[in-house]
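Here is a short report for the bench. Please look over the chains first, then read on.

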Amino acid sequence: MMCTKRFRAVAVMVGASLGLAIFAASARTAPPQQNGVLLAGSVKSESGEKMAGVTVSAKGIGHTITTSVFTDEAGDFYFPRLAAGKYRVWAQAEGFDAGRVEVDLAGAFLHQDFVLKTTEDVVKQMTGQEYITSLPEDTPQHRLMKDVLYNTCTGCHEPNYILQNRFDEKGWEAILNLMSKVRNGGGEYGGLDQEPFPVMIYYKKQLAAYLAEMRGPGTSPMQIKLRPRPTGEAARAVVTEYSIPVVDADPLATNDGFPTNDGTDWSLGTPSALNSSRGLHDSQMDMNGNIWFTTSEPSFARTVSMLDTKSGKVTNIKVPSIKGLAAPTHGLTMDQKGILWATVIGAPAGGGGSLLRVDPNTMKYDVFPPPKGSSGAGTSIDVDAKGNVWATTSSGALRFDPSTHEYKEYNSPTPTDNGPGGSYGIAADRQGNGWWTQINIDRVNRADVETGKTLEFKVPPRTARADGVITDADRKLYELAGVELTDFSGFWSQGPRRMGADKNGDVVWVCDYWGGNLMKYDIRNLKTTLYKYPTPESAPYDASVDKSHNVWVNLTNGDSVAKFDPKTEKWIEYPLPTRGIDLRHISLDERTGTTQIIVGYTRNSMIARMQVRTKEELQVLKAQVLEVSTRANK
Amino acid sequence: MKDIFYREESLNRRRFTRRGLLKLAMAAAGVFLSTSYFLDLSGWAAGTKLAQEAQLANADAAMVQYDSGGVNLDAYVAKPKSGGKNPAVIVIHDNQGLNDPMREVTRQFAAAGFVAMAPDLASRLGAQKASGQAIQAINQLSPNLTVQDLRAAFSYLQKDPDVDPAKISAVGFGWGGWRSFMLATSVPELYRAVVYSGATPTQGFENVHAPVLGNYAQYDFRITGNAIWTEKTMHDAGKEFTYYVYPSVYHAFYSAGPQYNADAAKLAWTRTLDFLKK
């Protein structure tokens, strides 16, 4: 139902049903699977060059599930077997207009080629990271303004949300006037009497002039630097995206209950409608293969929800809150027994601060209110090796024993309850100790459950682009403004955001959102090591560790996930097929021995799972394609 | 003064009636409520209770009604017992409404020699509310209309024979702070404006005539962070603006409640009085 008009608008398709003679002769043959139809083909540019790393997506017409793959070094793509039926299939690469086609998948195999034309305007297609990387740093003023823009305007939404637009100076000033009066966290306009964000209003004139220079009516000094298209392992990924109906959908603000721009068509730019997202937040696959997710905005229907990964159907659980609303939730995880745990946020009278326990088999839930005097559970949640549940609070962390229903509270050595924010990410290590971050004051804390003491680690400051340009007046501004506001960064803030523990190792990993680092904390000797992401402005947000000790990170400004191998200290980035997805959480599913990455698209109301095919698996698929295509050509 | 006393007499009669009805209702329900609890719940009654306290502050106080564009608004007015022409101050409540602490501040201004008028801006939406309802009502108020209602309060004071019309100032707390600054941008005759933990308007500085004083809390980052920009913008426009940041205190340091800080509140009060009396 989604996107019908868009897909009819453009179609660049040639060579349908051509045979493939390009597959390696040495490919092992395998008996073709009977379930589903093979879909494969190749992508070339207008000049006839094979294009590697092109995102090719297929979505059943009338369905909510989109499957995406990437072309290999030879420019060929191979979908996993898809159910028979009518599909829209499209191929996208930055710098090119999308190729689009509607196909009827029937029989054993369909071959589909695409030829992509160079686009006239690549800018709309870019990720937030690409925009920031492309902003020049040639003059002191450019460096200062780049820092101010990045630090002030990219904590709640990606940079492409802003920079996809072009306005003159007056226009940008109007935008800044509006944005400076947005409420903390919620994103709503606070009204005439709302106090402006101090840094935004202080630099308003300079920032408006800068934005008009970079993205205004005239020629921009931006040097467009695109991210390389995925190759190798990243190009072997299969991403399955589920469109989730917007909760309490406003028919005027949505497209049949789904976001009007869901980010799947890159030429439309990044989605900017908060109303279309409605708070889809953390996601977690259960033991049955269904994906659960939290909803952080108040709604009338959703506290937590279950996505049936086979049908795409969503089932909501509503925990009653105030005024007939469902209690909103934020953090989500699963314990060793397959029980889901979430943090309830929102009004204390509506259960805010509680822990929510859900049995996915019975769909029954229990709410555990926080201990008296505690601010209660907040942003993030994890489970330790003994099954204790850990959650962040505004002053530190809580540990909950599910067998006794007892809470124990741990306070951060440096309190942050003198300003907005508090604890942000949390992880419980395999020794049973709890770790949490204070994003706003660059602290990582560890509670020792044996001694009851909490140890604090100060994250070393990052280098500012504007170092040498920053004046005493600038410093005083940031001091008074409290750069520790969660969604803002000071010039030197690292912003330790969410984190993950290696449950089979002795390491806790922390993402520095502003600094662009992955930090390793050795739980035995408490040694800290910092690994800079190659493009720090990709904004690593959350980390999850697989059974092989690899660290999976969601890159908010990259619309991508990345894998860090601690042995080789190498990164692999896996671009996801959709733009402006505002990733805020990452979780893994390893029930079957392979690793699936689960992420929620906060701004797009989608859930995605990613699997990386092995070379062997792909060879088997290629062989099947070769076999059926050869048979068809005989 | 006559007008105020007339109002108070009128209110006393009204209170008597309400109280009688309430007693009957309580008796019928078999419920006992203490008089003080009742007084806390009822804004009208509280006004009178605190009028008694006003005696202790060497001030006369009463609720009045005044006109703002055809709408009657309530205000709590306290006057120095000494009489004569006095400087005046419009006390603008925070988002907790015209509650006991705000009435107390109003009396303190009277005790310090000011005719102090504290409009109940929530009364635009109906009768006096219990504190929880007042907060809800305040959230529904149009910012521009509240400024209009404060301009009407300014006009009311201008006509008060006990007031020196050349020395009418405004002091706004929290939510009322922005409104105090807005009065400065829209009432050229305003003598001085004081902002306690309040937002700065983003435009209209060229229209300001009154010197403005800001009292800000260190742990009130989003508001206090605007002090530097406010100072720069006001000075660039050739206007007077002074501010103080009170260290290690929270937004509502000025008012009885969990964030109250006696030392900072006292210092800010002294600075405020000095500023208004200049």
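What follows is a tour of selected features in chains A and B.

The model is predicted. Every value below is computed from it.

## Salt bridges

How many salt bridges does a search of the whole structure find? The search gives 32 over all chains. Some pairs in chain A are set out here.

| Pair | Closest N to O distance |
|---|---|
| A:Asp72 and A:Lys622 | 3.5 Å |
| A:Asp265 and A:Arg100 | 2.9 Å |
| A:Glu173 and A:Lys204 | 3.8 Å |

Take A:Asp72 and A:Lys622, whose side chains meet in a salt bridge. A:Asp72 sits in the loop between strand S3 (65-70) and S4 of chain A, while A:Lys622 belongs to helix H10 (residues 615-633) of chain A, so the pair ties together parts 550 residues apart in sequence. Both A:Asp72 and A:Lys622 are buried.

Next come A:Asp265 and A:Arg100, with their closest N and O atoms 2.9 Å apart. This pair, too, links distant parts of the chain. A:Asp265 is in the loop between strand S11 (258-259) and strand S12 (280-285) of chain A. A:Arg100 is in strand S6 (residues 99-105) of chain A, and the two residues are 165 residues apart. A:Asp265 and A:Arg100 are buried.

Then there is the salt bridge between A:Glu173 and A:Lys204. Which parts of chain A does this pair tie together? A:Glu173 lies in helix H5 and A:Lys204 in helix H7 of chain A, so parts 31 residues apart in sequence are joined. The cut-off for buried is under 20% relative accessible area. A:Glu173 has 16% relative accessibility, so A:Glu173 counts as buried. A:Lys204 has a relative accessible area of 9% and is therefore buried as well.

Salt bridges also form a network in chain A. Its members are A:Glu137, A:Lys146, A:Asp147 and A:Arg465.

## Helix H7 and a surface patch in chain A

A:Lys204 leads back to helix H7 (residues 204-214) of chain A, where A:Lys204 is one of the buried residues. The others are A:Leu207, A:Ala208, A:Tyr210, A:Leu211, A:Ala212 and A:Met214. What do the buried residues of H7(A) pack against? Their partners are helix H3 (140-153), helix H4 (159-163), H5 and H6 of chain A.

The loop between helix H5 (169-179) and helix H6 (198-202) of chain A holds A:Leu192. Is A:Leu192 buried or partly exposed? A:Leu192 has a relative accessible area of 35%, so A:Leu192 is partly exposed. Together with A:Leu178 and A:Tyr189, A:Leu192 makes a nonpolar surface patch of about 260 Å².

## Two buried loop residues in chain A

A:Phe79 is placed in the loop between strand S4 (76-78) and strand S5 (85-92) of chain A. Its relative accessibility is 0%, so A:Phe79 counts as buried. What is A:Phe79 in contact with, leaving aside neighbours within four places in sequence? The contacts include A:Leu39, A:Val56, A:Ser57, A:Thr67 and A:Val69, along with A:Arg613 and A:Leu621. A:Ser57 is 22 residues from A:Phe79 along the chain, and their C-alpha atoms are separated by 8.9 Å.

A:Thr119 is in the loop between strand S8 (114-116) and helix H2 (128-134) of chain A. At 16% relative accessibility, A:Thr119 counts as buried. Not counting residues up to four places away in sequence, A:Thr119 touches A:Gly95, A:Phe96, A:Asp97 and A:Gln125. A:Thr119 and A:Ala93 are 26 residues apart in sequence, and 9.8 Å apart in space from C-alpha to C-alpha.

## Chain B

Chain B has 10 helices and 8 strands. Of its 278 residues, 54% count as buried. Its accessible surface comes to about 11700 Å², with 52% belonging to carbon and sulfur atoms. Among contacts in chain B with a separation of 6 or more, 65% come from residues 24 or more positions apart.

Strand S3 (residues 86-92) of chain B is mostly covered, with 6 of its 7 residues buried. Which strands does S3(B) join? S3(B) pairs with strand S5 (residues 163-173) of chain B in the parallel sense, over 6 bridges. There, B:Asn86 stands opposite B:Val163. S3(B) also runs parallel to strand S4 (residues 115-120) of chain B, joined by 3 bridges. B:Ile90 has B:Met117 in S4(B) as its bridge partner. From S3(B), the chain crosses through helix H4 (residues 100-111) of chain B to S4(B), and this β-α-β crossover is right-handed.

Technical notes: Residues numbered from 1 in each chain as written. Chains lettered and ligands numbered in written order. Predicted model: local features only at pLDDT ≥ 70, side-chain atom pairs only at ≥ 80, totals over all residues. Heavy atoms only, no water. Patch = residues over 30% accessible without salt bridge, like charges linked within 9 Å, V, L, I, M, F, W, Y side chains within 5 Å. Areas by Shrake-Rupley, 256 points an atom, 1.4 Å probe, with all protein chains shown as cover. Salt bridge = Lys/Arg side-chain N within 4 Å of Asp/Glu carboxyl O. Helix = DSSP H or I, 4+ residues; strand = E, 2+ residues; numbered from the N terminus. Buried < 20%, exposed > 50% of the residue type's maximum accessible area, 1.4 Å probe, protein only. Contact = heavy atoms within 4.5 Å. Pairing = 2+ DSSP bridges. Right-handed = clockwise from strand over helix to strand, strands pointing away.
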